[in-house]
Amino acid sequence: MRIAFDSRGSLCDLSSTMPRTYRTLTALAAILLADALWAQPSPVEYSIYAIRYANSPGDLVSSMVIGAPSGEKLDTVYAVWLLRGGGRNILFDSGFHRERWFKQWNIEDYLRPDQAVALAGVKAEQVTDIIISHAHWDHMGGIDLFSKATVWIQKGEFEYYSGAAWQPGGRHGGIDPEDVQELVRLNTVGRLRLVDGDNVEILPGIRAYTGPRHTFASQYIRVGGNPPFVLASDNVDLYRNITEGKSSATFSNDDHSANIAQQQRMIRLAGSPERVIPGHDALQFQRFPIEGRVAIIKRAETN
Ligand SMILES: [Zn+2]
């Protein structure tokens, strides 16, 4: 039997003619089993850091927590996450630096992401890998700042935003054409890896998951270890998404229920809602010890 998420991230069973309810339950059981099987002890204990590279004052909560009161505002942050372990320095997302975005958004206390990462003790050329959660400007716009890194992105995300997104009927809000061109260039020089689908181990102990549909094929990661963490990026904008059971902003309004279902899956994969780290929530810099712009989510003994 082959189980998959369909294009909206809901469960589907590709091969069976069983009654629909039974099929759905069987598919759900298979997903739960697969998630549990792969959530085994990690070969690497990673240190995990959140690094704040800018502030975003006065954001509309309803743009991040679907159904929140209209007009409510919140100060949020722009962040990247650094994983250190097994001889690697891995970034989850890369921030941005192109001028046009400073004009469109209210950005304060900005430090270029490579300089912000250096505050955590890792120079730009020491970053070995960058896992991109999704192609938006504030997450993919820094891939050209790290000259040695291999970049990992979902195959569906790469194909859509380098192709159909720019055709009639396509959607490319929040995508910077220069970022896409850089992504294509990295592919031609052998520095791009395309992650093909859900529940894929991309580096030792680090698995990628799809389905929450913040963008066409956004992904989140589970960092195995004791304890494990899930780094959600904008698939969960704020802790409030989880505590209130509300969707983050998604590719289309049809994706809200899939987003909420994936939040529950993230909690299972992390083993606790406190270990699901959202994309733009300033609270992660209060819930964990901080050193300047760096929150120490987990410090492994060896890193
Ligand atoms: Zn974002």
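Begin by selecting Tyr49 and Leu82 together, and you will see that Tyr49 stands opposite Leu82, a residue of strand S4. Keep in mind throughout the tour that what you have open is a predicted model.

**Strand S4 and its partners**

Now extend the selection to the whole of strand S4, residues 73-85, and colour the strand so that you can follow it. Of its 13 residues, 10 are buried, so strand S4 is largely enclosed by the rest of the structure. Add strand S3, which covers residues 47-60, and trace how S3 and S4 pair in the antiparallel sense over 11 bridges.

Return to Leu82 and look towards strand S5, where Leu82 stands opposite Leu91. Strand S5, residues 88-92, runs antiparallel to S4, and 5 bridges join the two strands. Follow the chain from S4 into S5, and you pass through a hairpin with 2 residues between the strands, in which Gly86 takes a positive phi near 60 degrees.

**Tyr46 and Arg84**

Next, select Tyr46, which you will find in the loop between helix H1 (20-38) and strand S3. Is Tyr46 buried or exposed? Tyr46 counts as buried because it has 28 C-beta neighbours inside 10 Å, and the cut-off for a buried residue is 20 or more. Add Arg84 to the selection and compare positions: Tyr46 and Arg84 are 38 residues apart along the chain, yet their C-alpha atoms are separated by 5.3 Å.

**Two residues with a positive phi**

Before the next two stops, it helps to know that most residues other than glycine have a negative phi. Select Asp93, which lies in the loop between S5 and helix H2 (99-104), and note that its phi is positive, near 75 degrees, although the residue is not a glycine. Asp93 counts as buried, because 27 C-beta neighbours lie inside 10 Å.

Then move along the chain to Ser233, which lies in strand S12 and has a positive phi of about 50 degrees, although it is not a glycine either. Ser233 counts as buried too, because it has 28 C-beta neighbours inside 10 Å.

**A cis peptide bond**

For the last stop, select Pro227, which is found in the loop between strand S11 (219-223) and strand S12 (229-233). Which kind of peptide bond joins Asn226 and Pro227? Show the backbone atoms of both residues, and you can see that the bond joining Asn226 and Pro227 is cis, with omega about 0 degrees. This is worth pausing over, because most peptide bonds are trans.

Definitions and conventions:
Residues are numbered from 1 along each chain as its sequence is written. This is a predicted model: local features need pLDDT of at least 70, side-chain atom pairs count only at pLDDT 80 or more; totals for chains, interfaces and linings use all residues. Helices (H or I, at least four residues) and strands (E, at least two) are DSSP runs, numbered from the N terminus. A residue is buried if 20 or more other C-beta atoms lie within 10 Å of its own, exposed if 12 or fewer, and partly exposed in between; C-beta atoms are placed from the backbone. Two strands pair if DSSP finds at least two bridges between them.
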